[in-house]
Amino acid sequence: MARDLPIGNGNVLINFDAAYNIRDMYYPLVGQENQSSDHLSHFGIWCQEGFFWIDNPEVSKKLTYLEDSLVTDVPCSHERLGLSFGIRDGVDVQQNAFVRKVKVENHFDVEREIKLYFHLDLQIYGNGVGDTIYYDPELNSLVFYKGHRYMSLSCLSPDSEKPAPSGYATGQKGIHGLEGTWRDAEDGHLGGNPIAQGSVDGIIELTLKLPANSSKEAWFWICFGKTKQEVERLEQQLRTATPQVLLQRTHEHWVKWVNQDAHQLSLLKPDLESFYKRCLLITRTNVDNRGAIIAANDSDILKFAKDTYSYMWPRDGALVSHALDRAGYHELSRKFFDFCLKVLTPEGYLMHKYNPDSSVGSSWHPWVDGQGKKQLAIQEDETALVLFTLWHHHKLAGTLDKSREDYEKLVKPAADFLVHYRDASGLPLPSYDLWEERYGVLAFTVSSVYAGLVAAARFAEFHEDKARAVYYADIAELVKKSAEQQLFAPEQNRFLRALYWSYEENKYIPDYTMDMSMYALFDFGLLQLEDPRLLATMKALKDKLWVQTDIGGIARYENDYYHQVTNDVAKVPGNPWFICTLWYAEWLIATAKTVQDLVEAENLMRWAINHALPSGVMAEQVHPFSGEPMSVSPLTWSHASFIKVAQEYLSKLKTLTSKEAKSGVDASEDKVLEPVNH
């Protein structure tokens, strides 16, 4: 089930499912230690007329956020039982605390007793072995703990003088046929068991007296800490400041944060502007405060692969950081580059992926090839793109004069690796592709290596390292010439996806598969936009990879097997991906000659909006027939791609509007922006 409405503060990340149940709860690192590990935590309501959980089919709901905020706004109603309730959730921006406000309305003409139930099913440290839950009589809270992880669950009723539940229960689950304490709530009475250990869960009850046709607000919260004392301090601070203060300051923080973007967004149509800001906010939830930019934090993928996307891929991180830099959030990108500087290998390359704590992540890339010969288990583009985006980071942040340490400790060793990891022709040696599926010399990787070396040459020039400046620039040019000679197929009049080395034939074998990642040939500057070979390649990509269903969108490559839903590859070459569709929009923007030429790109941007969840969350890909989200959701890269495309759109619109105005063509009356610096 797709994850929706992520909320967080860079230390704590909470994900909900499509029914608004809590499913993921990361702490103390975003993407590492999922303290709930896809276990469902329930929220329910009891009244004399009946009981229901929030995922009951009779409950209508709309999953949204407050505008420009990471505070949720979820109106719900149960018409038959005469109740409506609105939920607002947030993770406090100053403390590691989750806060929930519930406003309940009684639509009957009689006074009623209403009971709210908040249930937590935790897997501390990511597993349910040796957990403890107990009722703390001083905090009047349920406390979960194991090792150095503590979480407290508390509530406040307007009908009580102090925070305290009207009932609670703790117990074991998943063993001896026990489903969990949430079942104990369905009769409106909790058993009150004070402690349980092993695989445990717990639930608290909050009672409201609702007069006829009236409403009241109730509060729940969860405090996170590494010791009991830390949780106790947080509980005391929260009770002193009140949960309302925490939720309000969190809302105000995010409104201010997202409107600091360097662009004047009034040029965009309202739906595009709103979605752009939503993408910034959702991207921020997957950025850990220590610098790791996490690909996705949807634990539902565990059912498919027994692993997650909760890793920092240097490629994803580099491209996400670039979008954030262009929007003016340089402090977030700076932490990402500090992360990369710390984990760079002595040889000058970055590994496949990393955990949020900077340890090396899991990998399926072998260190030997089919002949048993040693190979590097890396994706070279991940190293190259960090150099490319680091140069732009310093340019955009105006910090080139402070880049000496980056140059010495990151740029030089990484660029030297790129220089030496080449064959006699000048092409980069084989590595794994950006899709992590094939080992060869990929157009995407070659383009990124070229861009990384150009960036290194610019760093060297700035720091007056003249020999390296010339050296890196010369090697970049050699990579470019080799790519034009060996990656272009004259008989097809377009570029190849890849070359694979054959030991049997002692030569490279061309791969003619159309792959949308070949957009990198223009995006990373390897080829000029007007190059007829590039024009032919991009046209062929659109023709071959557009999904011929009512859903539309662009697939990754021909006959993409990942989550494949049909063998009719002529009609559906693969599932439509958000990033691939937005890459083509970026191409349309780059080649636009008039304002009218931007319409198709705007339509593709709106395709992304229309196939996101109502909250604005974009998955990795969507079902080619139903449009439902597939794979992980949200995918950080999807949101960063929209951010960058919108920035390119705004910049090009200003240029073309100004040009048409000067030439006497009727121009848009909208105010336009200064172009984003590249």
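A residue is called buried here when its relative accessible area is under 20%, and by that criterion 16 of the 20 residues of helix H9 are buried, so H9 is largely enclosed by the rest of the structure. The model is a predicted one, and the account below starts from this helix before turning to other parts of the chain.

With its 20 residues, H9 reaches 29 Å from its first C-alpha to its last, which is close to the 28 Å expected at 1.5 Å a residue. Just after the helix, glutamate 464 takes a positive phi of about 55 degrees. H9 lies across strand E20 and strand E21 (439-442), and it runs at about 60 degrees to E21. These two strands belong to an open sheet of four strands, in the order E20-E21-E24-E25, whose pairing is antiparallel. Strand E20 (431-432) and strand E25 (507-511) stand at the edges of this sheet, each with a single partner strand, so one side of each is left without a neighbour in the sheet. The partner of E25 is strand E24 (residues 498-502), to which it is joined antiparallel by five bridges, and within this pairing tyrosine 500 stands opposite isoleucine 509 of E25.

H9 also leads to the nonpolar interior. The largest nonpolar core has 202 residues, of which Ile14, Phe85, Phe98, Leu116, Phe118, Met516 and Phe642 touch the most other members. The largest share of this core, twelve residues, comes from helix H9 (residues 443-462). A second, separate core has 16 residues, among them Ala97, Val143, Val231 and Leu238.

What surrounds phenylalanine 642? Leaving aside neighbours within four places in sequence, phenylalanine 642 is in contact with Leu272, Phe275, Tyr276, Cys279, Leu582, Met605, Ala608, Ile609 and Met618. Met605, Ala608 and Ile609 are among the buried residues of H14, which also include Ala601, Glu602, Leu604, Arg606, Trp607 and His611. The cover over the buried residues of H14 includes helix H3 (270-285), strand E27 (576-577), helix H13 (578-591), strand E28 (621-622) and helix H15 (636-662). As for the length of helix H14 (residues 599-611), its 13 residues should span 18 Å at 1.5 Å a residue, and the end C-alpha atoms are indeed 18 Å apart, which agrees.

Helix H3, one of the elements covering H14, is also where leucine 281 has its place. With a relative accessible area of 0%, leucine 281 is buried, and, not counting residues up to four places away in sequence, it touches Asp68, Ser69, Leu70, Trp254, Trp257 and Val258. Serine 403 is 122 residues away from leucine 281 along the chain, and the C-alpha atoms of the two are separated by 28 Å.

At the beginning of the chain, five of the five residues of strand E1 (residues 4-8) are buried, so this strand, too, is largely enclosed by the rest of the structure. E1 pairs with strand E2 (residues 13-16) in the antiparallel sense over three bridges, and in E2 it is leucine 13 that serves as the bridge partner of glycine 8. Together E1 and E2 form a hairpin with four residues between them, and glycine 10 in the turn has a positive phi of about 90 degrees.

A buried residue may also be found in a loop, as threonine 181 shows: it lies between strand E16 (167-172) and strand E17 (195-198), and at 7% relative accessibility it counts as buried. Beyond its neighbours within four places in sequence, threonine 181 is in contact with His119, Ala169, Thr170, Gly171, Asp201, Gly202 and Ile203.

Charged side chains give a further view, since a search of the whole structure finds 54 salt bridges. One of them joins aspartate 17 to arginine 23, with the closest N and O atoms 2.9 Å apart, and both of these residues are buried. Aspartate 17 and arginine 23 are also members of a network of salt bridges that links them with Arg3, Asp24, Asp38 and Asp298. Aspartate 131 and lysine 146, which are both buried, meet in another salt bridge at 2.8 Å, N to O. Aspartate 131 lies in strand E13 (residues 131-136) and lysine 146 in strand E14 (residues 141-146), so the pair ties together parts that are 15 residues apart in sequence. The side chains of arginine 533 and aspartate 531 likewise meet in a salt bridge, at 2.7 Å, N to O, and aspartate 531 counts as buried at 12% relative accessibility.

Definitions and conventions: Residues numbered from 1 in each chain as written. Predicted model: local features only at pLDDT ≥ 70, side-chain atom pairs only at ≥ 80, totals over all residues. Heavy atoms only, no water. Core = buried A, V, L, I, M, F, W, Y, C linked by side-chain atoms within 4.5 Å. Buried < 20%, exposed > 50% of the residue type's maximum accessible area, 1.4 Å probe, protein only. Contact = heavy atoms within 4.5 Å. Expected span 1.5 Å × (residues − 1). Pairing = 2+ DSSP bridges. Axes fitted to C-alpha atoms, helices over the stretch in contact; angles between N-to-C directions. Salt bridge = Lys/Arg side-chain N within 4 Å of Asp/Glu carboxyl O.
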